[in-house]
Amino acid sequence: LVTFSDDARVAGERLSATSLCEALHTLPFHCSNGTFYQAALHAGKKMLAGDEVQNSGHVLLLSDGRPADPKEALAYAQGELLPTGCRLHGIGFGPLAAAHSFAPLQQLACLGGGT
């Protein structure tokens, strides 16, 4: 579990569904300087680096805003994350969940073979 805004913070690794729900309920909510997908993707790649089985990783981005770094995030995903076999998924929500706000999230999921 990684939270992200202008940076990314690991809030838990390899959590069960129950532990994930508990962690989500205890996370502090904060807004800070934009939504940077690349930081989250980088943290996800680091977390998946220890996987014993290649091509088994999945990254799910939950986002409530338009990314501040769409070009950088797409380039990072294509050059660094996707070659590892990782699949990307994205869910956009909140008041800014208009189609144009989440086009980069949709592109990441499409490139990453996710939903």
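**Three spots on one chain**

Let's begin with Ser 63, which is buried at a relative accessible area of 1%. A caution up front: this is a predicted model. Ser 63 sits in strand 3, residues 58-63. What does the Ser 63 side chain join in a polar contact? The side chain of Tyr 37, at 3.2 Å.

Now the surroundings. Set aside the neighbours within four places in sequence, and Ser 63 still touches a list of residues, including Thr 35, Ile 91, Gly 92 and Phe 93. Phe 102 and Leu 105 are in contact with Ser 63 as well.

Take Ile 91 from that list. Ile 91 belongs to strand 4, residues 87-92. Buried or exposed? Neither: Ile 91 is partly exposed, because its relative accessible area is 42% and the partly exposed class runs between 20% and 50%. Ile 91 also helps make a nonpolar surface patch, together with Leu 60, Leu 62 and Phe 93. That patch covers about 370 Å².

Last stop, the charges. Side chains of opposite charge can pair when their charged atoms come close. How many salt bridges does the structure hold? One. Glu 80 pairs with Lys 45, and the closest N and O atoms are 3.1 Å apart. This pair links distant parts of the chain. Glu 80 is in helix 3, residues 70-81. Lys 45 is in helix 2, residues 37-48. The two are 35 residues apart.

Both partners are partly exposed: Glu 80 has a relative accessible area of 38%, and Lys 45 comes in at 26%.

Note on methods: Residues numbered from 1 in each chain as written. Predicted model: local features only at pLDDT ≥ 70, side-chain atom pairs only at ≥ 80, totals over all residues. Heavy atoms only, no water. Salt bridge = Lys/Arg side-chain N within 4 Å of Asp/Glu carboxyl O. Helix = DSSP H or I, 4+ residues; strand = E, 2+ residues; numbered from the N terminus. Buried < 20%, exposed > 50% of the residue type's maximum accessible area, 1.4 Å probe, protein only. Patch = residues over 30% accessible without salt bridge, like charges linked within 9 Å, V, L, I, M, F, W, Y side chains within 5 Å. Areas by Shrake-Rupley, 256 points an atom, 1.4 Å probe, with all protein chains shown as cover. Polar contact = N/O pair within 3.5 Å; in protein donor to acceptor, adjacent residues only side chain to side chain. Contact = heavy atoms within 4.5 Å.
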